[in-house]
Amino acid sequence: MDAHLNTDDATRNPAPGHGPAPSFAGRPKPPVVLQVVPTLVTGGAERGCIDMALALADAGGVPLVASQGGQMVRELDRAGIRHITLPLASKNPLVIRKNAKRLETIIKEEGVDIVHARSRAPAWSAWMACQRTGARYMTTFHAPYNFNSGLKRWYNSVMARGERIIAISDFIRRHILDSYDVDPARIRTIHRGIDPFVFSPDRVSSARMIQLARQWRLPDDKPIILLPGRLTRWKGQTVLIEALEKLGRKDVCALLVGSDQGRTGYRQELEERAKRAGLAGAVLMTDHCSDMAAAYLLSTVVVSASREPEAFGRVIVEAQAMGKPVIITSIGAYQETVIPGETAWVVPPDDADALAKALDEALSLTQEQREAIGARAQAFVADRYTKQRMCADTLAVYAELLAEPAPRQNAR
């Protein structure tokens with residue numbers, strides 16, 4: 001698809017249907033759901049786990065979370081939700097088996113109805129515990145777990161053994177069906193959701209934006225091209241620098257927001273590339289940002305230049321919720337999270353020429369065109385990709401499982 005964006009009003013694709021969140025209040029026995037994740041430090045799986053625990057409590061259920069711990073446990077503590085600390089991040093087979101015995105005890109003592117696994121190592125422990133206790137086992141596929149051997153495929157297959165399997169995008173759903181012998185009827189596609197109370201332009205004060213602009217020493221008179229994502233080669237920072245060189249404009253500032261996670265060599269490579277391209281002062285790199293809502297508002301256009309498929313691509317949804325035009329690559333799930341030609345330019349991966357063309361168009365928009373794109377983008381995200389919708393659809397899967405008779409044994 002070419003990079004042209006239609007800035008006229010157009011009819012959006014209809015959102016898939018979904019119902020209201022079920023309520024478990026008034027049941028003789030509130031459902032007990034145990035979620036298992038490796039840690040609660042940071043990340044999409046962890047964020048989804050916390051959101052679902054809170055939503056289940058609001059719906060009248062009893063949430064439990066088991067992990068190795070992390071700073072996000074405080075959110076559970078504040079809500080009065082029990083967290084159980086286990087070494088679930090370990091991939092050691094002996095530790096996985098010990099964790100299975102511990103989870104088996106928890107399931108029996110707490111009367112757990114459903115165990116919801118969100119990562120492979122804890123999923124093996126959960127699956128073994130469910131086999132022994134009869135608790136219902138389900139999973140969420142948060143990534144395309146690749147494999148290059150039969151052993152790795154077998155290890156990954158635990159995520160495809162759930163009575164219900166949540167895919168966080170249609171891209172992930174296709175990956176599951178292509179990689180494992182799974183009945184499609186067991187899969188539910190539930191996109192990740194963002195918090196509309198956090199990612200709302202009206203909720204970001206001028207003071208927050210000024211503070212962030214001063215912290216990063218952003219120029220006041222240049223458009224800001226924002227590429228959020230940790231500094232790793234597959235996120236495409238090098239492609240953006242090459243595109244900026246081809247763009248040939250000196251009046252722009254590219255902001256790369258994300259931790260290098262110890263990849264100091266790659267950070268140095270980016271700095272040297274920018275310098276050789278004559279862009280040393282036009283490419284800024286920052287570490288992790290704790291106020292991405294303000295960062296989006298400071299930007300003129302938000303770019304994802306990923307060179308490998310993304311399982312979902314939360315930053316592009318967040319950027320659209322903040323009313324920003326976006327540029328994405330035509331791989332993975334990103335194409336599900338935009339309206340190509342209306343809220344986003346879609347370019348091939350690793351194509352600096354196409355990215356430069358899209359950047360030129362995005363930077364040339366009139367204020368009226370920019371506002372029209374922003375309004376469409378905000379409406380699109382609000383209709384499909386909110387945390388509330390994600391939680392309602394997942395609660396519906398819980399209710400679905402609970403309404404069915406338990407199988408004699410879990411799926412293969």
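Which residues line the second largest cavity? Val239, Val303, Ser304, Ala305, Ile327, Thr329, Val347, Pro348, Asp351 and Leu355 do.

## Basis

This is a predicted model, in which local features need pLDDT of at least 70, side-chain atom pairs count only at pLDDT 80 or more, and totals for chains, interfaces and linings use all residues. Residues are numbered from 1 along each chain as its sequence is written, and side-chain values use heavy atoms, with hydrogens and water left out.

## Cavities

A cavity is a set of points, on a 1 Å grid over the protein atoms alone, where a 1.4 Å probe fits but cannot get out; lining residues have an atom within 4 Å of a point. Grid points are joined across faces, edges and corners, and a volume is the space filled by probe spheres set on the points. The count is 3 cavities of 30 Å³ or more.

The largest cavity holds about 90 Å³. Its lining has 14 residues, with Arg118, Thr140, His142, Met390 and Thr394 nearest the centre. Helix H1 (44–58) and helix H14 (387–403) each give two or more residues to this lining. H1 has the largest share, 3 residues. Helices (H or I, at least four residues) and strands (E, at least two) are DSSP runs, numbered from the N terminus. By class, the lining of the largest cavity has 5 nonpolar, 6 polar and 3 charged residues. Here Ala, Val, Leu, Ile, Met, Phe, Trp, Tyr, Cys and Pro count as nonpolar, Asp, Glu, Lys and Arg as charged, and the others, Gly among them, as polar.

The second largest cavity holds about 40 Å³. Its lining divides into 7 nonpolar, 2 polar and 1 charged.

## The seven-stranded sheet

An open sheet of 7 strands runs S3-S2-S1-S4-S5-S6-S7, with parallel pairing. Strand S3 (82–85) and strand S7 (187–189) have a single partner strand each, so one side of each lacks a neighbour in the sheet. Two strands pair if DSSP finds at least two bridges between them. The twist averages 20 degrees from one strand to the next. Strands S4 (114–117) and S5 (136–141) are joined by 4 bridges. Val115 has Tyr137 as its bridge partner in S5.

Two helices lie across this sheet. Helix H3 (93–110) crosses S1, S2, S3 and S4, at about 160 degrees to S1. Helix H4 (120–133) crosses S1, S4 and S5, at about 160 degrees to S5. Axes are lines fitted to C-alpha atoms, for helices over the stretch in contact, and angles run from 0 to 180 degrees between N-to-C directions. Contact means heavy atoms within 4.5 Å.

## The six-stranded sheet

The other open sheet has 6 strands in the order S10-S9-S8-S11-S12-S13, paired in parallel. Its edge strands are S10 (283–286) and S13 (344–347). Strands S8 (224–228) and S9 (253–257) share 5 bridges, and Leu227 has Leu256 as its partner in S9. S11 and S12 pair over 2 bridges. In S12, Val326 and Ile328 point one way, Ile327 and Thr329 the other, and all are buried. Buried means under 20% relative accessible area, exposed over 50%, partly exposed in between (1.4 Å probe, protein chains only).

## Helix H11

Helix H11 (314–321) packs on the six-stranded sheet, touching S8, S11 and S12. Of its 8 residues, 7 are buried. They pack against H1, helix H10 (292–298), S11, S12 and helix H13 (367–384). Gly323 follows H11, with a positive phi near 80 degrees.

Note on methods. 1 Å grid on protein atoms, 1.4 Å probe; cavity = no way out; pocket = protein on both sides within 12 Å on 5 of 7 lines; lining within 4 Å.
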